[in-house]
Amino acid sequence: MRPWSTSSEAGPRPLLVSTRVERNACDILSLLSPFGEAQIKAESSVPVNPDFMRRAIALATENVTSGRGGPFAALIVRNGEIVGEGANSVTATNDPTAHGEVNAIRAACARLGTFRLSGCQLYTSCEPCPMCLAAAYWARLDAVYYGCCAADAARAGFDDAFLYEELRRGPGDRKLPSRQLLADEAWASFAAWIASPDRIDY
């Protein structure tokens, strides 16, 4: 079976994109703009249920009023049933990756006993940041529905547009410097993966 890829759906990539990570990031960015101007081409066949969005919004608001974290929450739905919920817990857990969408994905995967969430939809109180959008793709979710957009988040002090712009830049032009080291030696890990008869592809 041909591996799942964004390349067949995404548009032209920006210049200065060379590594596989950068190409995949740009493919994701071309599918969904930071301000929601581009729409996902393939719509889920499952009807959209506004009640699930209301639940995500309520969780996000409660997360703020309770003092547990930021104004973000999300839930995963399969066959009309909530199988995972999560609210932002970055400050509560000292974990910068503990966004609402990531926590919801983790909860759903734990409950369902799988790392693939095909057949599931993500309802989130705000348009996903680049990290959470990538997580949605890795989880193989069928669709993403969001309440507020990235521009709304920026008004509240969460400017994800900066991150989207950074991903469009070459490694040498980003605020966070990065460069490749020991590429030949690092390939040993991939060689072991390719040769492994027990690997589980994801």
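Here are some exercises on this predicted model, each with a worked solution.

**Exercise 1. Lay out the sheet**

Work out which strands stand at the edges of the open sheet.

*Solution.* Start with the strand order: the open sheet has four strands, arranged S2-S1-S3-S4 with mixed pairing. Now look at the two ends of that list. S2 and S4 (143–148) are the edge strands, each with a single partner, so one side of each has no neighbour in the sheet. Going from one strand to the next, the twist averages 15°.

Next, zoom in on one pair. S3 (residues 120–126) and S4 run parallel and are joined by five bridges. To find a bridge by eye, pick Leu122 and look across to S4, where Val144 is its bridge partner.

**Exercise 2. Add the helices**

Find which strands H2 touches, and which ones H4 lies across.

*Solution.* Take H2 to begin with. This helix packs on the sheet and touches S1 (73–78), S2, S3 and S4. Its direction makes about 45° with that of S3. Then move to H4, which lies across S1, S2 and S3. Compared with S2, H4 runs at about 140°.

**Exercise 3. Explain two salt bridges**

Arg54 pairs with Asp51, and Glu81 pairs with Arg111. What separates the partners along the chain in each case?

*Solution.* A bit of background helps: side chains of opposite charge can pair when their charged atoms come close. The model holds eight salt bridges, and we'll take these two in turn.

- For Arg54 and Asp51, the closest N and O atoms are 2.9 Å apart. Both residues sit in helix H2 (residues 50–65), three residues apart, so about one helical turn separates them. Arg54 counts as exposed, because its relative accessibility is 54% and the cut-off is over 50%.
- For Glu81 and Arg111, the N to O distance is 2.8 Å. Glu81 belongs to strand S2 (residues 81–87) and Arg111 to helix H4 (residues 100–112), so this pair ties together parts 30 residues apart in sequence. Glu81 has 41% relative accessibility and counts as partly exposed.

**Exercise 4. Sort a pair by accessibility**

Decide whether each partner in the Arg169–Glu166 salt bridge is buried, partly exposed or exposed.

*Solution.* First, the pair itself: the closest N and O atoms of Arg169 and Glu166 are 3.4 Å apart. Then use the cut-off, where buried means under 20% relative accessible area. Glu166 comes in at 10%, so Glu166 is buried. Arg169, at 36%, is partly exposed.

**Exercise 5. Trace the core**

Which element gives the largest share of the largest nonpolar core?

*Solution.* Begin with the core as a whole, which has 18 residues. Those with the most contacts inside it are Ile76, Ile105, Leu117, Leu122 and Leu141. Now check the suppliers: S1, H4, S3 and helix H5 (130–138) each give at least two residues. The largest share, five residues, comes from H4.

For a closer look, try Leu141. Its contacts beyond four places in sequence include Ile76, Ile105, Leu117 and Leu122. Apart from this core lies another one of eight residues, among them Phe52, Ala56, Tyr123 and Ala143.

**Exercise 6. Place Asn103**

Is Asn103 buried or exposed, and what does its side chain reach?

*Solution.* Locate Asn103 in helix H4. Its relative accessibility is 15%, so Asn103 counts as buried. Follow the side chain and you get to the backbone oxygen of Ala98, at 3.4 Å. Other residues that Asn103 touches include Glu85, Gly86 and Ser89.

Note on methods
Residues numbered from 1 in each chain as written. Predicted model: local features only at pLDDT ≥ 70, side-chain atom pairs only at ≥ 80, totals over all residues. Heavy atoms only, no water. Salt bridge = Lys/Arg side-chain N within 4 Å of Asp/Glu carboxyl O. Buried < 20%, exposed > 50% of the residue type's maximum accessible area, 1.4 Å probe, protein only. Pairing = 2+ DSSP bridges. Axes fitted to C-alpha atoms, helices over the stretch in contact; angles between N-to-C directions. Contact = heavy atoms within 4.5 Å. Core = buried A, V, L, I, M, F, W, Y, C linked by side-chain atoms within 4.5 Å. Polar contact = N/O pair within 3.5 Å; in protein donor to acceptor, adjacent residues only side chain to side chain.
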